[in-house]
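Here is a short briefing on one chain and its fold. Look over the sequence and the structure first, then read on by topic.

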Amino acid sequence: MKKCKWMIIVLCIILCFCGGCGSQGNFSSESVSESTSTYIDCVGREVELPDHIERIAAIDAFSGELMVMIGAGDKLVACPDGVKSDLLLQEIYPDLTQVSVVQSGGTINAEALMALKPDVVLLKYGLYISDGEVEKLEKLGIPYLVIGYTTMEE
């Protein structure tokens, strides 16, 4: 699990600082020619992501908090309500109040998420194993990474 922890931290940093002229979440056939890289998430899934990530839906609270703390809050298109309403995080990134919330009570609002056109969704392991939620993402064709941790060390 230590290897997974470091991989996710490095991946989050890479995702947050990979800028440029990416597809802005357009999942049409035009984005197929965009350069991509493959990552392995915490449940062993291989996920192909564009090299230029601009729009991140951090459904996982830790991921949303981390993005704001490393100065990449401007890439957030969705985060949990608790992250959005955190006063300290709002001091770091005042526009956090404008970020969408697409999850409530462990359920993802698929239509709201799709409307945001994220390049990637960062999903907590607990939601990954939840019935129906992953199927929504699979049907939408939105790439997602599962973030796994169960202890403070992880």
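Confidence in this predicted model is uneven along the chain: helix α1 (residues 2-17) has the lowest mean pLDDT, 51, and β4 has the highest, 97. The chain mean is 80. Where pLDDT is low, the predicted coordinates should not be read in detail.

**Confidence and overall make-up**

- In the chain, 75% of the residues reach a pLDDT of 70 or more.
- Residues 16-32 stay under 50 in pLDDT. The model has 34 contacts beyond four places in sequence for this stretch.
- The chain has 7 helices and 8 strands.
- It is 154 residues long, and 42% of them count as buried.
- Take the chain's contacts between residues at least 6 apart in sequence: 56% of these join residues at least 24 apart.
- The exposed area of the chain is about 8,000 Å². Carbon and sulfur atoms supply 55% of that area.

**The sheet**

- Which strands form the open sheet, and in what order? There are 4, in the order β4-β3-β7-β8, and the pairing is parallel.
- β4 (76-78) and β8 (144-147) are at the edges. Each has a single partner strand, so one side of each has no neighbour in the sheet.
- From one strand to the next, the twist averages 30°.
- β3 (residues 56-58) is joined to β4 by 2 bridges. In this pair, I56 is opposite L76.
- β3 also pairs with β7, in the parallel sense, over 3 bridges. Here A57 faces V121 of β7.
- β7 and β8 are parallel partners as well, with 4 bridges between them. L122 has L145 of β8 as its bridge partner, and K124 stands opposite I147.

**Cover on the strands**

- In a regular strand the side chains alternate between the two faces of the sheet.
- β8 is covered on both faces. Y144 and V146 are buried on one side, and L145 and I147 are buried on the other.
- β7 is mostly covered, with 4 of its 5 residues buried.

**Helix α2 against the sheet**

- Helix α2 (residues 61-69) packs on the sheet and touches β3, β4, β7 (120-124) and β8.
- The direction of α2 makes about 125° with that of β3.
- Which residues of α2 are buried? They are S63, G64, L66, M67 and V68.
- S63 lies in α2. Its relative accessible area is 1%, under the 20% cut-off, so S63 counts as buried.
- Beyond four places in sequence, S63 touches A58, L122 and I147.
- G71 comes just after α2 and takes a positive phi of about 85°.

**Nonpolar cores**

- The largest nonpolar core has 19 residues. Which of them touch the most other members? They are L49, L76, L96 and L145.
- β2 (46-50), β3, α2, β7 and β8 each supply at least two residues of this core.
- L76 has contacts with I56, A58, G64, M67, V68, L96 and V99, leaving aside neighbours within four places in sequence.
- A second core is separate and has 15 residues. Among them are A78, L123, V134 and Y144.

**A loop residue brought to the sheet**

- Where is V43 placed? V43 sits in the loop between β1 (36-40) and β2.
- V43 is at 29% relative accessible area. That value falls between the cut-offs of 20% and 50%, so V43 counts as partly exposed.
- How far apart are V43 and L145, in sequence and in space? They are 102 residues apart in sequence and 8.9 Å apart in space, C-alpha to C-alpha.
- L145 also appears above, as the bridge partner of L122 and among the four residues named for the largest core.

Technical notes
Residues are numbered from 1 along each chain as its sequence is written. Side-chain values use heavy atoms; hydrogens and water are left out. Two strands pair if DSSP finds at least two bridges between them. Axes are lines fitted to C-alpha atoms, for helices over the stretch in contact, and angles run from 0 to 180 degrees between N-to-C directions. Contact means heavy atoms within 4.5 Å. A nonpolar core is a set of buried Ala, Val, Leu, Ile, Met, Phe, Trp, Tyr and Cys residues joined through side-chain atoms within 4.5 Å. Buried means under 20% relative accessible area, exposed over 50%, partly exposed in between (1.4 Å probe, protein chains only). pLDDT is the predictor's confidence in each residue, from 0 to 100. Accessible areas come from the Shrake-Rupley method with a 1.4 Å probe; for residues, only the protein chains shown count as cover.
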